[in-house]
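User: I am new to this structure. Please walk me through its strands, cores and cysteines.

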Amino acid sequence: MKQEIALRLTPEQASREESYKNMAARKMKISPGKITGTRIVRRSIDARQKQVMVQLHLEVWTGEPMQEYRPRVFQWPNVVSAPEVIVVGAGPGGLFAALKLMELGLKPIVIERGKEVSERKKDIALLNRNEQLDEDSNYAFGEGGAGTFSDGKLYTRSKKRGDFRNFLEIMHFHGASDDVLIDAHPHIGTDRLPRVIKNIRETIVAAGGEFIFNSRVVDMLIESDQITGVFLQDGTKIKGEAVILATGHSARDIYWLLDKKGIELEAKTWAMGVRVEHPQELIDQIQYHTPEGRGNYLPAASYSFSHQVNDRGVYSFCMCPGGFIVPAMTGAEEMVVNGMSPSGRNSPFANSGMVVEIRPGDIPEYQQYGELAGLKFQQDVERLCAVNGGQGVIAPAQRLVDFVGKRLSYDLPECSYVPGIVSAPLHFILPEHISTRLQEGFRFFGKRARGFLDEEAIILGTESRTSSPVRIPRERDSLQHVRIRKLFPCGEGAGYAGGIASSALDGEKCAEAAAKLIKGKLNV
């Protein structure tokens, strides 16, 4: 028979099956010899106390052989001749919208401004060597979206939006490791996620879906407040039964296009700041409460900090243990940084965005831009940081203690940012309502986590693409745009998600809504 139990163990105990098997037997009040097999179904780390513990949820088998675990197998119907739906963007929102459309008997036509993931890697390599920026193929644009070359975090707080377990199983089916089905905060890693994304594309194509790469949408075909298709940069017109708009938070040209066409937009709260980096060993020591750090049995430590400063949130964002800082700009004369981690999280550095909440009313000097005020403000700060950086994509940087103390850094510690860094007074360059709140936030975090305000910690500017300053409003029930019928704003770029998992779940929801509308119309 099978029984599920929970155990609270030391990291060393949790690392050895013999140890947790004996602990399970003791809890079940049986001899270890009666256990025929154990399987971990969930694993989490509790570092709130001085002694770090691991929580394991196990399936324990007794009295019969343990049944072999069979991962879920997915199969999608052939949709080559089905009604067509246009999906703009091949990020997680667009890809999972496409999978759901096929499941519901519709054919997705996925349009992506960037390149396939293998070609995208080459452009990113050039960018990291500070040689060339391709404005349509970079860390933000291309197959898989901004999440492809990131830590690949699959955790989300918005699990009520959809079937989160199903999402994890689809990722596992396409090549993610077994750990994503077990860990409380699963991640794939930037070295493995491109292969998963490629496998998803091959699934879609094999079932009759289509991809159009290197094709930027430049206009929309709208008749009587109903979208019927899109125009590509080369003049090609693509028509479909509906359009799912999943372009991501960096597709500024889409917001400007919608605004030009008089399609309703909304300004929304977002965040901007810097990316902070520490030696990973220091973060391990702080988070695991010991000079030895993580030792032999714990992963690279992460953190999540937040604080209210003058009625605005200051918080960590997209924390990447054992990771690297990367150039994430999408246009010339922009300076944007982001973080990523390989699956092993084995870099000697830990980095995180550290950002300040910005509300539409916080930038009155930009109100002439209406609902796009935040977009213009974001763009101007990125350009200011670019001016104060070095040639190309060399980033402006400052020691954390100097930023807090409002001093110029006369030298800089070692940093993971490959293109290079140059000392700059970010406390002066960033808008005052951002820099002063960040300084107070860092002081608070330094008290909460002693050692955080370290001489070897460094900040780079600017972390500005946490989310979009703009929302594309949609109806609550139909998920269509509030006025334009058959247009389904989707994911992070539309203002309804904040990461890989939540974007994917929102993509599924939009696909379901589109299918409901189309099938009702066509009597399918």
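Analyst: Two strands count as paired if DSSP finds at least two bridges between them. This is a predicted model. Ask away.

User: How many bridges join β4 to strand β5?

Analyst: Strand β5 covers residues 107-111. The two strands run parallel. One bridge partner of valine 85 sits in β5, and that is proline 108. The number of bridges joining β4 to β5 is five.

User: What is the handedness of the crossover from β4 to β5?

Analyst: The chain leaves β4 and passes through helix α3, residues 92-103. From there the chain reaches β5, giving a β-α-β crossover. Its hand is right-handed.

User: Which residue in β10 is the bridge partner of isoleucine 86?

Analyst: Strand β10 spans residues 243-245. Three bridges join β10 to β4, and the two run parallel. The partner of isoleucine 86 is valine 243.

User: Why is strand β4 described as largely enclosed by the rest of the structure?

Analyst: Buried means under 20% relative accessible area. Strand β4 holds five residues, 84-88. It is largely enclosed because the number of its residues that are buried is four.

User: What is the strand order in the open sheet of three strands?

Analyst: The pairing in this sheet is antiparallel. Its edge strands are β7 (217-223) and β9 (237-239), each pairing on one side only. Strand β8, residues 226-232, pairs with β9 over three bridges. The order is β7-β8-β9.

User: How much does the twist average from one strand to the next there?

Analyst: The sheet is the open one, β7-β8-β9. From one strand to the next, the twist averages 30°.

User: Which helix gives the most to the largest nonpolar core?

Analyst: The largest nonpolar core has 62 residues. Tyr417, Leu438, Phe442 and Phe452 have the most contacts inside it. Tyrosine 417 touches, among others, Ile325, Met335 and Leu460. The helix that gives the most, with five residues (it spans 373-387), is α9.

User: How many residues does the second, separate core have?

Analyst: Its members include Val79, Leu99, Phe211 and Ala501. The core's residue count is 50.

User: How many disulfides does the structure hold?

Analyst: A disulfide needs two cysteine sulfur atoms within 2.5 Å. For cysteine 320, the nearest cysteine sulfur belongs to cysteine 318, 4.1 Å away. For cysteine 385, the nearest is that of cysteine 415, 15 Å away. The disulfide count is zero.

User: Is cysteine 320 buried or exposed?

Analyst: The cut-off for buried is under 20% relative accessible area. Cysteine 320 has 0% relative accessibility, so it counts as buried.

Notes
Residues numbered from 1 in each chain as written. Predicted model: local features only at pLDDT ≥ 70, side-chain atom pairs only at ≥ 80, totals over all residues. Heavy atoms only, no water. Buried < 20%, exposed > 50% of the residue type's maximum accessible area, 1.4 Å probe, protein only. Axes fitted to C-alpha atoms, helices over the stretch in contact; angles between N-to-C directions. Core = buried A, V, L, I, M, F, W, Y, C linked by side-chain atoms within 4.5 Å. Contact = heavy atoms within 4.5 Å. Right-handed = clockwise from strand over helix to strand, strands pointing away. Lists of a residue's contacts leave out its neighbours within four places in sequence.
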